Amino acid sequence: MARVSRKNNIKAEISSQTTYKAGLYARLSVEDLRKKESDSIGTQMSLLRQFAVEQPDMELISEYEDTDQTGTNFNRPGFNRMLDDIREGRINCIIVKDLSRFGRNHIETGNYLERVFPFLGVRFVSVSDNYDSLTASSEDGLVIPLKNLINEVYAKDISKKVCSQYEMKRKRGDFCGSFAPYGYIKEGNTLVVDDKTAEVVRRIFRLVIEGYSDSAIARFLNDEGVPKSKSKYWYKSAIKRITENTAYLGRLEQGKYRTDLMNGSVRVNKSPELWVVVNDTHPPIIDHDTFEAVRKIRQNRKQAYNDAVVKANRPASSKNILKGIMYCADCGRPMLRHKVVRADGSVDYCFLCATYEENCKDDCTKKSFWESELLPMLYSLINSQLQTLTDVQKIIENVRKQANYVKKVDTTEESISKLKSRLSRITALRSSLYENFKAGVLSKDEYMQRKATCELEYKELTGELERFEAQEKQNAALLSQNKWAVAFNTFSAGKELSRELLISLIERIEVDSNSDVSITLKYRDEYQALIKMYKMEVSA
Ligand SMILES: [Zn+2]
């Protein structure tokens with residue numbers, strides 16, 4: 001039985017005032033990603049949800065989020081969806097954690113806060129800034145939050161100045177990296193040779209010249225327990241990087257990348273003529289002839305490989321569409337994708353545990369899984385989910401179209417209005433009882449007895465009303481707002497597996513040593529909610 005009386009009356013009272021339809025907006029910036037989980041979407045959202053729930057005049061309608069976008073760019077999918085919902089009247093209140101979540105560009109942010117939102121009649125709340133457009137007076141309302149944004153702008157100017165200072169330092173031949181290359185130690189603005197590790201660098205060059213492969217060299221170093229500065233083990237990629245680093249010649253090549261803040265903080269490669277190259281900035285570890293010899297060996301190896309590929313008429317490698325979602329179930333490292341050319345010339349790829357394959361057999365166990373087996377599995381999984389979605393949508397729609405469903409909706413509506421009129425009659429009756437008791441028409445016992453009957457009936461009716469109303473609401477809201485349905489709806493059944501499709505639907509794939517694959521799909525809760533609703537509809 002649902003609980004009644006006072007609480008319900010209060011609710012009814014409030015809902016007769018303006019109730020704001022609230023949307024929560026959270027953003028994870030590139031800066032956050034660097035700082036790891038400190039201010040994750042999850043933390044922001046739970047704070048916002050808690051805030052929204054505590055507001056008597058707000059109803060939480062929708063949540064929007066953007067990941068990996070800089071605030072300097074207003075082109076954000078979650079943000080755009082939020083604007084659409086505002087324009088279509090689905091929400092009229094936005095809640096953010098702080099203004100920096102909303103955007104770092106103070107002109108744009110100011111434009112939204114001062115012009116766009118007031119014009120659209122949108123209430124804007126920034127929880128950490130203690131700002132609420134409803135209560136803020138137009139004079140001082142924005143001063144404090146905008147001040148914060150202007151501070152950010154200053155911070156940006158400073159970073160620009162730092163950038164040009166770096167440019168100067170680079171041209172002077174100062175070392176500007178945070179970490180010295182292996183074999184050196186950073187001392188102030190210059191590199192000095194670290195005798196111990198410099199010897200390892202010389203040995204690596206020697207071993208390449210003696211004909212060892214990068215993985216063989218990595219294995220030697222791991223077997224001997226030669227310490228590596230940043231990671232625990234030597235990998236073949238580290239060997240390659242070292243033998244290609246011109247810093248060992250006493251030369252600094254800097255300013256190879258620029259960070260494109262306006263386009264989401266991506267690192268863009270500069271063309272070599274824009275690099276800042278200064279010779280003889282620090283003592284060399286490798287002489288020019290050795291370095292050149294190693295470069296030639298690499299070049300020849302690459303050529304030989306390419307020739308072999310051409311000669312064997314091998315097909316070119318395909319792109320790894322599972323990049324970033326394939327993991328080893330035991331060590332958690334991303335899996336290697338190893339190309340295998342079969343005797344018949346066909347190409348397949350094998351996913352292997354990187355920890356096990358790259359020389360560290362004690363740290364994990366052997367695993368392998370063929371891409372040619374995995375992709376059909378994923379395809380059928382996604383297709384079956386798509387099929388489910390189609391079924392769910394069809395059935396829900398069919399049920400709604402059917403005469404008895406319409407009748408059911410009608411009955412629900414009818415029941416609700418009947419219950420409401422009965423409730424108001426009882427309220428009237430209850431007050432007339434008291435009048436009659438006061439006027440002496442009813443004795444105290446009669447009054448108490450009739451009053452109790454009244455209360456009981458009131459309680460039952462309110463409970464029933466609550467149930468009907470909840471049902472009505474749930475039916476209306478669920479399908480159109482279901483994230484799972486929305487994500488799947490952008491793809492149609494039978495479509496080819498694309499990376500776009502995979503990363504939008506699959507969170508993670510893990511392979512264990514029994515070659516069992518576990519696939520974690522995104523939007524699991526939303527899927528469950530929809531299935532639950534579907535079952536309710538079917539059984540009703
Ligand atoms: Zn592993």
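Which residue in strand 17 does Glu510 stand opposite? The legends below take up this question together with other parts of the chain, and every view is drawn from a predicted model.

**View 1. Strand 16 and strand 17 pair in the antiparallel sense.** Strand 16, made of residues 506-511, is joined to strand 17 over five bridges. In this pairing Glu510 stands opposite Ser518, which belongs to strand 17, and this is the residue asked for at the start.

**View 2. Strands 12, 16 and 17 form an open sheet.** The three strands follow the order 12-16-17, and their pairing is mixed. At the edges stand strand 12, with residues 326-328, and strand 17, with residues 517-521, each of which pairs on one side only. From one strand to the next, the twist averages 25°.

**View 3. A second view shows an open sheet of three strands in the order 13-14-15.** Here the pairing is antiparallel. Strand 13 (336-341) and strand 15 (368-370) are the edge strands, and each has a single partner strand, so that one side of each is left without a neighbour in the sheet. The twist in this sheet averages 30° from one strand to the next.

**View 4. Strand 14 and strand 15 run antiparallel and are joined by three bridges.** Strand 14 covers residues 347-352, and one of the facing pairs to look for is Phe351, which stands opposite Phe369 in strand 15.

**View 5. Helix 4, residues 77-87, has the buried residues Phe79, Met82 and Ile86.** When the helix is seen down its axis, these buried residues fall within an arc of 60°, so they line one face of helix 4. An α-helix has 3.6 residues a turn, and therefore residues three or four places apart point the same way. The face of helix 4 that is turned away from the buried side carries Pro77, Asp84 and Arg87, which are exposed. After helix 4 comes Gly89, a residue whose phi is positive, near 80°.

**View 6. The whole chain, with its 18 helices and 17 strands, gives the setting for the close-ups.** Of the 540 residues in the chain, buried residues make up 20%. If one takes the contacts in the chain with a separation of 6 or more, 64% of them are accounted for by residues 24 or more positions apart.

How values were computed:
Residues numbered from 1 in each chain as written. Predicted model: local features only at pLDDT ≥ 70, side-chain atom pairs only at ≥ 80, totals over all residues. Buried ≥ 20, exposed ≤ 12 C-beta atoms within 10 Å, placed from the backbone. Helix = DSSP H or I, 4+ residues; strand = E, 2+ residues; numbered from the N terminus. Arc of directions from axis to C-beta. Contact = placed C-beta atoms within 7 Å. Pairing = 2+ DSSP bridges. Axes fitted to C-alpha atoms, helices over the stretch in contact; angles between N-to-C directions.
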